[in-house]
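Reader: Please take me slowly through one part of the surface of this protein, and then follow the chain from there to the contacts between its parts. I would like the cut-offs spelled out along the way.

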Amino acid sequence: HGGYTNITLGWGLGVTMGIYVAGKVSGAHLNPAVTLALAVFRGFPWRKVLPYSIAQTAGAFLAAALVYRNYLPAFHRVDPQLERTAGVFTTFPAFPNLPQAGFLDQVIGTALLLLLIFAIIDEFNMPPGANLAPLMIGLVVVAIGMSFGAMHGYAINPARDLGPRLFTVLAGFRNNGITDGSQAWWVPIVAPLVGGVIGAAVYDFGIRRFLPRSSQ
């Protein structure tokens, strides 16, 4: 019963709450693109990158399963053959014949995400006080969704897209982007990983290097 604005607000709030929940457990690693960028630029242990990414993907898979079970009566009514509703769980290109458009969209969106996350959490910049960083990051996700979400659904997170997509395959959704011949699955995996590293590099080499090395 909601439009695109509801989706972006709901997703942003979900990210915010996820960070609050997992902040002390994992440093709020909810996104392999973030984990990879932190390994490249912030000394996060490389040995943890793959296990974290697997855990993130598994969490997204289980979340998709929970949503599907909750809304099972609605799926049976609206799409009983599961032919056209996989987009509830995962992303698809707005222009299937132009995969490069979706790829660029994901690169830009995830680059903005990492650039802004690095800016928010940087102790040498102006970090938000009173544990407001999760809220600020959630608002970043909302802003990216509203401005760079139209071309490929703005996954900006390989786990958030691949986990639910694998669930749609297991659940029998026909338009899942893996077995339907469209090959839509790889863009929201590869492009965010590339974009995240680019965005983090832009922040570190274009902004952070010029900041004074003392907290203000």
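Author: Helix α1 contributes three residues to the nonpolar patch, the most of any element. The patch covers about 530 Å² of surface and is built from L13, M17, Y20, L132, L135 and L139. Two or more of these residues come from each of α1 (4-26) and α6 (133-148). This is a predicted model, in which local features need pLDDT of at least 70 and side-chain atom pairs count only at pLDDT 80 or more, while totals for chains, interfaces and linings use all residues. Residues are numbered from 1 along each chain as its sequence is written, and side-chain values use heavy atoms, with hydrogens and water left out.

Some terms need their limits here. A patch takes residues with over 30% relative accessible area and no salt bridge, joining like charges within 9 Å and nonpolar side chains (Val, Leu, Ile, Met, Phe, Trp, Tyr) within 5 Å; accessible areas come from the Shrake-Rupley method with a 1.4 Å probe, and for residues only the protein chains shown count as cover. Helices (H or I, at least four residues) and strands (E, at least two) are DSSP runs numbered from the N terminus. Within the patch, L132 belongs to the loop between α5 (99-121) and α6, and its relative accessible area of 35% makes L132 partly exposed, the class between buried (under 20%) and exposed (over 50%), again with a 1.4 Å probe and protein chains only.

Helix α5 leads on to another packing. The axes of α2 (residues 32-41) and α5 come within 11 Å and cross at roughly 55 degrees, which makes α2 oblique to α5. Axes are lines fitted to C-alpha atoms, for helices over the stretch in contact, and angles run from 0 to 180 degrees between N-to-C directions; under 35 degrees counts as roughly parallel, over 145 as roughly antiparallel, 65 to 115 as roughly perpendicular, and the rest as oblique.

The loop between α4 (72-78) and α5 holds L82, a residue other than glycine whose phi is positive, near 50 degrees. L82 is buried, at 9% relative accessible area, whereas V88, found in the loop between α4 and α5, is exposed at 52%. I156 also has a positive phi, near 45 degrees; I156 lies in the loop between α6 and α7 (158-171) and is buried, with a relative accessible area of 3%.

The whole structure has five salt bridges, each a side-chain nitrogen of Lys or Arg within 4 Å of a carboxyl oxygen of Asp or Glu. In one of them, R42 meets D204 at 2.7 Å, N to O. R42 is in the loop between α2 and α3 (49-70) and D204 in α8 (residues 187-206), so this pair ties together parts 162 residues apart in sequence. R42 counts as partly exposed at 29% relative accessibility, and D204 as buried at 11%. E83 pairs with R174, their closest N and O atoms being 3.2 Å apart; E83 lies in the loop between α4 and α5 and R174 in the loop between α7 and α8, so parts 91 residues apart in sequence are tied together. R165 and D161 form a salt bridge with closest N and O atoms 2.6 Å apart, and, being four residues apart in helix α7, R165 and D161 are separated by about one helical turn. Both R165 and D161 are buried. Finally, salt bridges link D122, E123 and R208 in a network.
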